[in-house]
Amino acid sequence: MTHTRAIIRSTGAYLPEKIMTNDDLAKIVDTSDEWISQRSGIKSRHIAADDQPTSDLALRAAKQALENAGLTAADIDGVIVATTTPDSTFPSVAVRVQSALGVPPGIAFDVQAVCSGFIYALSVANNFITAHQAKRILVIGAEKMSSIVDWEDRTTCVLFADGAGAVMLESSSDADADDQGIMSAHLHANGDHADILYTNGGPSTTGESGHIVMHGREVFKHAVTLMSDVVEEALSHNGLSASDVDFLVPHQANLRIIEGTAKKLKMSLDQVVITVDRHGNTSAASIPLALHEAVSDGRIQRGHTVLMEALGAGLTWGAVIAKF
Ligand code: UT7
């Protein structure tokens, strides 16, 4: 082995009990199952209980990732949570998870890059591990988007949802793996587009978290192009082509965006992990939730090349390519 790599040792996930269908939403706002299905591909989504904060979702996903790795909290030296819906402005969700799990005092902080949050968090954790500053980091994407949607705004409340996913990222020097692990990460942001997807509030402006405002058509226009571009960037960086990728695990915002990206890459939909129909858009949680599903049902196996990509408010976008 020539250099240290960060390996995805295990995954975990948690979805809240309550399932909300499109028909349930049609009772709240002027919408229909037909509109939501055709425009977004979403059929149903999970919604957290009123008294269930993001840290509770994150903790449950993290516990499962730990269990699946056969490790205990004492084996971990970092917790990084990607979230845009923290329990409180501070402290971070990560320190709450660290404390609840009993992880020894190491690094713990949140990353805020909205729907690209998990890609950003995975990249940051990868840097800590390859710089030998940490050996095992729990990287979690957790969101309670239902707490920041305006339930009277049909353009957003039918799309966003709640959930959490986690991966246990481990230094290859602690594992028996030759070419496994994260191959590269590619992150981008362009704040010129901050006004096409945002919340109309915040701690230093209104003093409240505000609600999601989205100019969907505008975001859509950027999504397919930027995500395809960053995927091409990740592939060419590693001297690969799309046919070398076993599975694409995209951010789950809209089935049409996912299909458009796959088409541009000439990838069969069988190679694309799709959960948006049952999960809705869970922002930073969507990729680790989808990854966990495909690992658990045996589609993604050791040795597979997996490409994860996302675009979110900011705009932020990025991709991570890994040999699972
Ligand atoms: O995860 C972060 C990144 N986010 C995304 O990637 C989301 C990107 N955008 C999208 O996924 C799509 O733009 C949406 C699903 C949000 C919307 O689909 P669209 O095909 O772009 O629809 P639209 O916004 O152009 O709206 C079409 C029509 C409008 O009516 P008019 O103006 O044409 O008369 C809307 O008022 O649909 C209307 N509409 C609805 N009708 C029924 C908007 N929301 C709804 C609704 N039910 N829930």
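This is a short chat about a predicted model of a protein chain and its two domains.

Colleague: New to this one. How is the chain divided?

Modeller: This is a predicted model. The protein chain splits into domain 1, residues 5-177, and domain 2, residues 178-323.

Colleague: How far apart do the C-alpha centres of the two domains lie?

Modeller: They lie 14 Å apart.

Colleague: And how many residues are in contact?

Modeller: On the domain 1 side, 57 residues; on the domain 2 side, 50. Together the domains bury about 4100 Å², with 64% of that area on carbon and sulfur atoms.

Colleague: Which three residues of domain 1 supply more of its buried area than any other three?

Modeller: Arg5, Cys115 and Ile119. They supply 16% of the area domain 1 buries against domain 2.

Colleague: How many salt bridges across the interface?

Modeller: The rule finds 0. Polar contacts are another matter: 21 residue pairs, both residues at pLDDT 80 or more.

Colleague: Which element gives the most to the side of domain 1 that touches domain 2?

Modeller: Strand 1, with 8 residues. Several elements supply at least two residues each, including helix 2 (33-40), helix 5 (117-130) and strand 7 (162-171).

Colleague: What's the mix by class on that side?

Modeller: There are 27 nonpolar, 20 polar and 10 charged residues.

Colleague: Changing topic. Where is threonine 31?

Modeller: In the loop between helix 1 (22-26) and helix 2.

Colleague: Buried or exposed, and why?

Modeller: Threonine 31 is buried, because its relative accessible area is 15%, under the 20% cut-off. Neighbours within four places in sequence aside, threonine 31 is in contact with Leu25, Ala26, Ile36 and Val158.

Colleague: Now the backbone. Which peptide bonds are cis?

Modeller: One runs from phenylalanine 90 to proline 91, with omega near 0°. Proline 91 is in the loop between strand 4 (78-82) and helix 4 (93-101). Another runs from glycine 314 to leucine 315, with omega near -10°. Leucine 315 sits in the loop between strand 12 (305-312) and strand 13 (316-323).

Colleague: What about phi of valine 114?

Modeller: Near 50°, a positive value in a residue other than glycine. Valine 114 is in the loop between strand 5 (107-111) and helix 5. Valine 114 counts as buried because its relative accessibility is 17%.

Colleague: And histidine 132?

Modeller: Histidine 132 also is not a glycine, and its phi is positive, about 60°. Its loop lies between helix 5 and strand 6.

Colleague: Is histidine 132 buried or exposed?

Modeller: Exposed, because histidine 132 has 58% relative accessibility, over the 50% cut-off.

How values were computed:
Residues numbered from 1 in each chain as written. Predicted model: local features only at pLDDT ≥ 70, side-chain atom pairs only at ≥ 80, totals over all residues. Heavy atoms only, no water. Domains from an automatic or database assignment. Contact = heavy atoms within 4.5 Å. Buried area = accessible area lost by both parts, 1.4 Å probe. Salt bridge = Lys/Arg side-chain N within 4 Å of Asp/Glu carboxyl O. Polar contact = N/O pair within 3.5 Å; in protein donor to acceptor, adjacent residues only side chain to side chain. Helix = DSSP H or I, 4+ residues; strand = E, 2+ residues; numbered from the N terminus. Nonpolar A, V, L, I, M, F, W, Y, C, P; charged D, E, K, R; others polar. Buried < 20%, exposed > 50% of the residue type's maximum accessible area, 1.4 Å probe, protein only.
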